[in-house]
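User: Could you walk me through how the labels on this model come about? I would like to see each value set against its rule.

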Amino acid sequence: MRTYLNLRFVTSAPAAHQLPPTPAEVALAGRSNVGKSTLLNALAGRRSLARVSSKPGRTQLLNCFATPDGGTLVDLPGYGYAATASATARTAWRRRMERYLLERDRLALTLLLIDAEVGPTRLDREMLAWLRRHAVPVQIVATKLDKVRSSRRERRRRELAAGCGVAAGEVVWVSATQGVGLDRLAVLVTAALADRG
């Protein structure tokens, strides 16, 4: 039986100081089209908790979701391209995200989502290096596992992990559409929130 996170939407805020207080928080970061909102919905077992768009870059604010015990998850603006946004807007989103990651003192863990089919891009590697440089706790999550042909999965696991400088077993592999890996990820999120609670 699936383990779901009991989440409810709280607010969207342009800055970290406008988010509600929390005993512990987990953030979701990743490229604009990596599937953060889809993953949030899958973890909660709900189709429309987080807005999913076919156009990358729709998440422009810090979207906050709460658990019954007061812990929170925050969906960050995607980095990378967004066809509907200017370069100035994209820069503002990046700065907003960086300020959040540095200023949110109850941040227990950042889930860095990487497209399993594409592997870590230059932007993904830059983001990972930035998180490590600033000692932000991070867990790499490979999304869209269903898009990788089964014959290529073992090789892809090794390549993606090597590209991130971690062991293959340290990456959480998920498919929001097929439910693969969601229980493991839900347990990790729950543990991170409990450790800081």
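Analyst: Happy to! Let's start with accessibility: buried means under 20% relative accessible area, exposed over 50%, and partly exposed in between (1.4 Å probe, protein chains only). This is a predicted model, where local features need pLDDT of at least 70, side-chain atom pairs count only at pLDDT 80 or more, and totals for chains, interfaces and linings use all residues. Residues are numbered from 1 along each chain as its sequence is written, and side-chain values use heavy atoms, with hydrogens and water left out.

User: What makes Phe9 buried, exposed or partly exposed?

Analyst: Phe9 has a relative accessible area of 41%, and partly exposed covers values between 20% and 50%, so Phe9 is partly exposed.

User: And why is Phe65 called buried?

Analyst: The relative accessible area of Phe65 is 2%. The limit for buried is under 20%, so Phe65 is buried.

User: How many aromatic pairs are there?

Analyst: The count is 1 aromatic pair. Rings of Phe, Tyr and Trp (its six-membered ring) pair if their centres lie within 6.5 Å; planes under 30 degrees apart count as stacked, over 60 as edge-to-face and the rest as tilted.

User: Why is the pair of Phe9 and Phe65 called edge-to-face?

Analyst: Their ring centres are 5.6 Å apart and the planes stand at 65°, so the pair is edge-to-face. Phe9 belongs to strand β1 and Phe65 to strand β3 (residues 62–66), 56 residues apart, so the pair links distant parts of the chain. Strands here are DSSP runs (E, at least two residues), numbered from the N terminus.

Definitions and conventions: Helices (H or I, at least four residues) and strands (E, at least two) are DSSP runs, numbered from the N terminus.
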